[in-house]
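Good morning, colleagues. Please look at the structure on the screen while I go through one helix, two backbone angles and a group of aromatic rings.

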Amino acid sequence: MHLGLIAALVFSVSIQTPADEPIARMSDWMAAVERHKPGTADAPARLIGAWSRAELRDFQSDLTFLLGVVEAVNGLPPRKRPMLRPSRPRPRPVVSAIRGLAKELAQRCDWNQFLKRAALLHADIAMLVPLERSSVQTPSLQADPPSPQADPLRRRRASSSGRIIVETEDGVALDIEYGTLHWDIGRTTLESAARDPARDETVQAWYRATTAYLENEEQFAYAVPHLNAGLHLLPGDARLLFYAGALHEAFASPSVQAASRALESRPNLKSEVGSVEAELELAERFFRQTLAADPRFAEARLRLGRVLGLRGRHEEAANELRRSIPQLGDTQLVYYAELFLGHEEAALRRRDGAREHFERAATLYPRAQSPRLALGLLARAYGDRPGAVRSVKEVFALPPQEDEREDPWWEYHKAHVRNTDALLDELRLPFLKGSKP
């Protein structure tokens, strides 16, 4: 399992960028937004995706200026945005040229639709284009802080920002890379597209689909600021609240905790993942907010029950899990509920109830090992050696290959975003049809 964790790198890198061409860059971006086919890594997406981090930083500054000009041209009240300084002061002719581009753009296109298409473009770059640039090297965790003079490619990817992404597997830090800025730019354009984001279907669909993607791909470093921004715009959105709860539930898992503690032991690195108890507390809070927004959200109740159990509140956990089962309507989710309810009953010293729920889980997925291991541990806890041996033998009788055992437990932390592809298709469809969302 690969996890993108957030870390802060204490040193900063001073770099020299080549002469900027902000006018040509802005023109290329405007053309790419209009020509990009959502859901593809087409030529417009690859063109913008090839920009260096320094170029993207300067573009963000120019984009902020352009957005303000268009709002003024359209008679809209100005939005409050952080002003990003370019790497070098812009000469007056450059500023005037960008102002001219903004006015021309405001007059010839549907501004809101253009910005929504821009958000789709940058999301597609973040999701699809990096796959075509896998040969780009990133600095190693085993090496000293990267030198901007190491090679031209690495120099172009370096950033004066101290934020990096740490890739881990099974709790072990593998490598680091500089995070993409395309999610930031996508959020900036989308948030400028709607005066009432909470009522805008595209804003809702964009945040739900892209957050599902980030959690499905376990790109947690991007999911945190993404959810923060989404919930700022859509504070009562039950689906985003649910995703936030699932994210912090995952942060409390042993693999993420192990990777986080490993980062803390390295000089110059600081993990932004909290302790198990802190993350479980946040998960509980978000799941309760989800249910307050939508009391029928059965999957949120299921996960709330599990989190309560992990926090040692077993009776309360069992009650929530029981309430969730009749409403779930999905075999995989019912399996989780039965498995978790068995553990809560065992913690409450109710052996017969625990055995009943573990057996129900085993019936739902006959080749799953988790319920049988749980039955074996339950038997052992009560001194039933023959029962424990029988359960272990049943486990050994399962197919040897993990993918043949079909145990949904292994994908629990991504089970809530199994519909990611459908959400992305639904987001893109209106733009592919050429309508105006």
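In this predicted model, the buried residues of α13 are Ala298, Glu299, Ala300, Arg301, Leu302, Arg303, Leu304, Gly305, Arg306, Val307, Leu308 and Gly309. That makes 12 of the 13 residues of the helix, so α13 is largely enclosed by the rest of the structure. What covers these buried residues? The cover includes α10 (238-251), α12 (276-293), α14 (314-328) and α15 (331-347).

The length of α13 can also be checked. The helix runs over residues 298-310, and at 1.5 Å a residue its 13 residues should span 18 Å. The C-alpha atoms at its ends are 19 Å apart, which agrees with that expectation. Just after α13, Gly312 adopts a positive phi of about 85°.

I now turn to positive phi values in residues other than glycine. Glu218 is one such case, with phi of about 60°. Glu218 belongs to the loop between α8 (201-216) and α9 (220-233). Another is Arg349, whose phi is near 65°; Arg349 is placed in the loop between α15 and α16 (351-364). Is each of these residues buried or exposed? Glu218 has a relative accessible area of 7% and is buried, the cut-off being under 20%. Arg349, in contrast, has a relative accessible area of 56% and is exposed, the cut-off there being over 50%.

The last topic is the aromatic rings. A search of the whole structure yields 18 aromatic pairs. In one of them, the ring centres of Trp206 and Tyr207 are 5.0 Å apart and the ring planes stand at 85°, so this pair is edge-to-face. Both Trp206 and Tyr207 are buried.

Tyr335 and Tyr365 also form an edge-to-face pair, with 5.0 Å from centre to centre and 70° between the planes. This pair links distant parts of the chain: Tyr335 is in helix α15, while Tyr365 is in the loop between α16 and α17 (370-381), 30 residues apart. Tyr335 and Tyr365 are both buried.

Which residues do ring pairs link into a cluster with Tyr335? The cluster consists of Tyr335, Tyr336, Phe340, Tyr365, Trp409 and Tyr412.

Finally, I return to the opening helix. Arg303, one of the buried residues of α13, lies over the face of Tyr412 at 4.1 Å from the ring centre. Tyr412 is itself a member of the cluster just described.

Thank you for your attention.

Conventions. Residues numbered from 1 in each chain as written. Predicted model: local features only at pLDDT ≥ 70, side-chain atom pairs only at ≥ 80, totals over all residues. Heavy atoms only, no water. Helix = DSSP H or I, 4+ residues; strand = E, 2+ residues; numbered from the N terminus. Expected span 1.5 Å × (residues − 1). Buried < 20%, exposed > 50% of the residue type's maximum accessible area, 1.4 Å probe, protein only. Contact = heavy atoms within 4.5 Å. Phe/Tyr/Trp six-rings, centres within 6.5 Å; stacked < 30°, edge-to-face > 60°. Lys NZ or Arg CZ within 6 Å of the ring centre and 35° of its normal.
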